[in-house]
Amino acid sequence: MQPEPTIFALGGGGGMMEPDNPLLDDFMLSLADVDAPKIALLPTAAADSDNTIRRFYDAFVGKARPSYLPLYRRDRPAEMLLEQDIIFVTGGNTVNALAIWRAHGVDTILRQCWEKGIVLAGISAGSLCWFHGGITDSFRVKEMDPLLDGLGFLPGSHCPHYDGEPQRRPLYTRFVSSGTIPPGVAATDGAGLLYRGTTLKQVVTSQADAAAWRVDEQGQHHPLPATWLGRDT
């Protein structure tokens with residue numbers, strides 16, 4: 001039976017951002033439903049940074065079978081992504097990542113991965129990229145602008161790091177309420193959004209105070225139920 005298309009979008013957190021808190025990483029690995037899943041890093045948004053790749057391996061060696069796809073130097077085929085159980089996209093410059101993926105046909109391969117049931121995941125830029133749009137600091141230093149050409153696997157807009165930078169909430173609310181970007185979902189650091197197909201099924205958190213909201217056409221915020229993964233069961 002074909003696995004359902006799955007995206008796990010992190011507003012912030014995970015082992016690469018909070019190495020002493022593996023809760024979101026462990027939840028993500030469980031989505032593959034296999035022992036020691038194959039997980040590939042797509043570090044394009046971070047310009048294939050060696051430090052980013054090192055932190056990825058530090059987070060997942062021993063739990064999974066990590067690899068990565070560099071696009072700034074082409075030393076392996078992008079089709080390797082189709083052989084993974086999970087693909088994880090880093091933070092960084094969302095606009096640059098989208099442009100490079102499209103130039104190399106990686107956007108098409110990512111859609112094939114999604115339709116095949118390979119878990120797509122990521123943090124920050126790696127969270128925003130799956131949606132139609134949102135806001136981004138990719139164009140200007142310390143300034144936020146609308147992003148209108150995400151991959152569009154998921155409907156609407158998205159804003160990660162909702163509590164991490166003071167300008168994000170007012171700007172996202174303004175751009176949504178003005179119709180510049182469509183309504184969508186905002187998530188704080190430590191919150192993960194689990195989509196099956198194009199439906200948001202669950203919000204999980206690595207911190208008791210992390211949260212997510214639906215933001216409607218008027219810019220009104222509607223809290224989403226969230227499960228803290230640290231809670232005793």
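Reader: What makes the lining of the largest cavity four nonpolar, three polar and one charged residues?
Author: This is a predicted model, and in it the cavity is lined by Leu10, Gly13, Gly14, Gly15, Met16, Asp25, Phe60 and Phe88. Leu, Met and Phe count as nonpolar, Asp as charged and Gly as polar. Leu10, Met16, Phe60 and Phe88 are therefore the four nonpolar ones, Gly13, Gly14 and Gly15 the three polar ones, and Asp25 the charged one.

Reader: How many cavities of 30 Å³ or more does a search of the whole structure find?
Author: Just one. The volume of the largest cavity comes to about 30 Å³.

Reader: And what makes up the lining of the largest pocket, by class?
Author: Five nonpolar, three polar and four charged residues. The pocket has a volume of about 170 Å³. Its lining includes Glu4, Asp85, Lys116 and Arg196, and these are the charged ones, because Asp, Glu, Lys and Arg count as charged. Pro3, Leu31, Ala32, Ile118 and Val119 also line the pocket, as do Thr6, Gln84 and Gly117.

Reader: Why is helix H3 called roughly perpendicular to helix H4?
Author: Helix H3 (residues 94–104) and helix H4 (residues 106–116) pack at an angle of about 90°, and their axes are 5 Å apart. Roughly perpendicular covers 65 to 115 degrees, so H3 gets that label relative to H4.

Reader: Which residues make that contact?
Author: From H3 it's Trp101, Arg102 and His104, and from H4 it's Val106, Asp107 and Leu110. Sorted by class, that gives three nonpolar, one polar and two charged residues.

Reader: Why is Trp114 called buried?
Author: Trp114 sits in helix H4. Its relative accessible area is 9%, and buried means under 20%, so Trp114 fits the term. Beyond its neighbours within four places in sequence, Trp114 is in contact with Pro5, Thr6, Ile7, Leu120, Phe153, Gly197 and Thr198.

Reader: How do you know that Val185 is buried?
Author: Same kind of check! Val185 has a relative accessible area of 2%, and the limit for buried is under 20%, so Val185 counts as buried. You'll find Val185 in strand S9 (residues 184–187). Not counting residues up to four places away in sequence, Val185 touches Ser157, His158, Cys159, Tyr172, Leu193, Tyr195, Trp213, Arg214 and Leu224.

Reader: What about His161: why does His161 count as buried?
Author: His161 is in the loop between strand S8 (154–159) and helix H6 (168–177). Its relative accessibility is 13%, and buried needs under 20%, so His161 makes it. Among its contacts beyond four places in sequence are Gly11, Gly12, Met17 and Ser124.

Reader: Is Ser124 buried or exposed, and how do you know?
Author: Buried: the relative accessible area of Ser124 is 15%, and the term applies under 20%. Ser124 lies in the loop between strand S5 (119–123) and helix H5 (125–128). Phi of Ser124 is near 60°, a positive value in a residue other than glycine.

Reader: Why is Ala36 called partly exposed?
Author: Ala36 has 36% relative accessibility. Buried means under 20% and exposed over 50%, so Ala36 falls in between and counts as partly exposed. Look for Ala36 in the loop between helix H1 (23–31) and strand S2 (38–42). Ala36 has a positive phi too, near 45°, and isn't a glycine.

Definitions and conventions: Residues are numbered from 1 along each chain as its sequence is written. This is a predicted model: local features need pLDDT of at least 70, side-chain atom pairs count only at pLDDT 80 or more; totals for chains, interfaces and linings use all residues. Side-chain values use heavy atoms; hydrogens and water are left out. On a 1 Å grid over the protein atoms alone, a cavity is a set of points where a 1.4 Å probe fits but cannot get out, and a pocket is an open set with protein on both sides within 12 Å along at least five of seven lines; lining residues have an atom within 4 Å of a point. Grid points are joined across faces, edges and corners, and a volume is the space filled by probe spheres set on the points. Helices (H or I, at least four residues) and strands (E, at least two) are DSSP runs, numbered from the N terminus. Buried means under 20% relative accessible area, exposed over 50%, partly exposed in between (1.4 Å probe, protein chains only). Contact means heavy atoms within 4.5 Å. Axes are lines fitted to C-alpha atoms, for helices over the stretch in contact, and angles run from 0 to 180 degrees between N-to-C directions. Angles under 35 degrees count as roughly parallel, over 145 as roughly antiparallel, 65 to 115 as roughly perpendicular and the rest as oblique.
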